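Me: I'd love a close look at one part of this model, the largest nonpolar core and the elements around it. Could you walk me through what you see there?

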Amino acid sequence: MDNDGEEFGDPLNVVLIGNSQEVLTALTRSGWSFTHRLSPATITRLAGAVIGDDAYPVAPVSNLYLFDRKQDFALQRARPTISQRNHTRFWLAPFTYRGTQVWIGQVSRDIGVKVTPNSPTLTTHVIDPEVDLTREYLLHSLLDAGLVAGFGFVKGSRYATRDNPAVNLGEDPYFSDGLRLVISLSTHPRPYHEVRSLRWEQSVAPLAEGQSESAKRNVRPVEKP
């Protein structure tokens with residue numbers, strides 16, 4: 001949500017169960033990198049990357065709020081240009097699961113950049129409307145690294161259809177089955193056949209490395225000033 005708690009940001013569509021060191025180790029070992037903090041220097045570098053359509057693999061993300069605070073950490077998997085990346089935000093929940101920390105997060109894929117007066121950088125990313133694909137992408141990145149003990153899907157995220165999409169703070173439309181991915185992390189490498197699939201709810205979103213067909217149809221490339 002925004003700082004005032006009045007508007008929704010990107011959907012909270014993932015939960016990681018693991019202590020802080022386990023969560024950070026799992027994400028970094030599976031290819032996710034920490035983002036820079038917002039500062040005058042990183043904002044200047046970000047603006048330059050946007051204008052030049054260059055890469056910035058650790059570009060900062062904007063702050064969103066949950067439990068009355070901004071995200072505890074953010075990570076991303078960079079793509080060829082600043083306008084395209086996969087990124088996550090996570091908040092430590094005020095409760096545990098069997099004595100283990102619980103992290104509530106959101107994951108989405110950026111597919112473009114647009115100008116906005118509501119950002120300190122005067123720009124904001126456009127997200128791929130098929131947010132469930134990026135949720136599955138996070139799961140597969142962790143599975144590929146052998147760091148998943150079990151996973152399942154539960155209701156709790158925002159449900160939105162193609163005909164009646166939800167919108168985030170940047171007024172980007174998106175649709176989702178409304179399921180939240182729950183991942184119990186493994187502290188040691190685990191082969192696929194040992195991963196528990198918790199059959200709570202069923203997600204049908206396939207894994208997609210690139211941007212979705214919906215994104216290709218509906219999102220215009222950013223115009224350079």
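Reply: Happy to! Two strands pair if DSSP finds at least two bridges between them. By that rule, strand β2 (residues 33-34) pairs with β5, as 2 bridges join them, and the two run antiparallel. Please keep in mind throughout that this is a predicted model.

Let's stay with the strands for a moment. Phe34 has Leu75 of β5 as its bridge partner. β5 also pairs with β6, again in the antiparallel sense, over 6 bridges. Within that pairing, Ala78 stands opposite Arg85 in β6.

β5 (73-78) brings us to the core, since it is among the elements that give two or more residues to it. The others are β1 (14-17), α1 (20-29), β7 (100-115), α3 (131-144), β9 (148-160) and β12 (176-185). The largest share, 5 residues, comes from α3. The core has 25 residues, and those touching the most other members are Leu16, Leu27, Leu142, Phe151 and Ile183.

Leu16 is a good place to look around. Setting aside neighbours within four places in sequence, Leu16 contacts Val23, Leu27, Phe90, Gln101, Val102, Trp103, Leu142 and Ile183. Another core lies apart from this one; that second core has 9 residues, including Ile17, Leu64, Leu66 and Trp91.

Now to the helix α1. Its buried residues are Val23, Ala26 and Leu27. Seen down the axis of α1, these buried residues fall within an arc of 95°, so they line one face of the helix. The face turned away from that buried side carries the exposed residues Gln21 and Arg29. Just after α1, Gly31 takes a positive phi of about 100°.

Positive phi values turn up in residues other than glycine too, and two loops are worth a visit. Phe67 lies in the loop between β3 (65-66) and β4 (69-70), with a phi near 55°. Phe67 counts as partly exposed because its relative accessibility is 32%, and partly exposed means between the 20% and 50% limits. Arg98, in the loop between β6 (85-97) and β7, has a positive phi near 50°. At 75% relative accessibility, Arg98 counts as exposed.

If you trace the part on screen, you could begin at Leu16 with its contacts, Val23 and Leu27 among them, and then turn to the buried face of α1 that includes those two residues.

Definitions and conventions:
Residues are numbered from 1 along each chain as its sequence is written. This is a predicted model: local features need pLDDT of at least 70, side-chain atom pairs count only at pLDDT 80 or more; totals for chains, interfaces and linings use all residues. Side-chain values use heavy atoms; hydrogens and water are left out. A nonpolar core is a set of buried Ala, Val, Leu, Ile, Met, Phe, Trp, Tyr and Cys residues joined through side-chain atoms within 4.5 Å. Buried means under 20% relative accessible area, exposed over 50%, partly exposed in between (1.4 Å probe, protein chains only). Helices (H or I, at least four residues) and strands (E, at least two) are DSSP runs, numbered from the N terminus. Contact means heavy atoms within 4.5 Å. The arc is that of the directions from the helix axis to the C-beta atoms.
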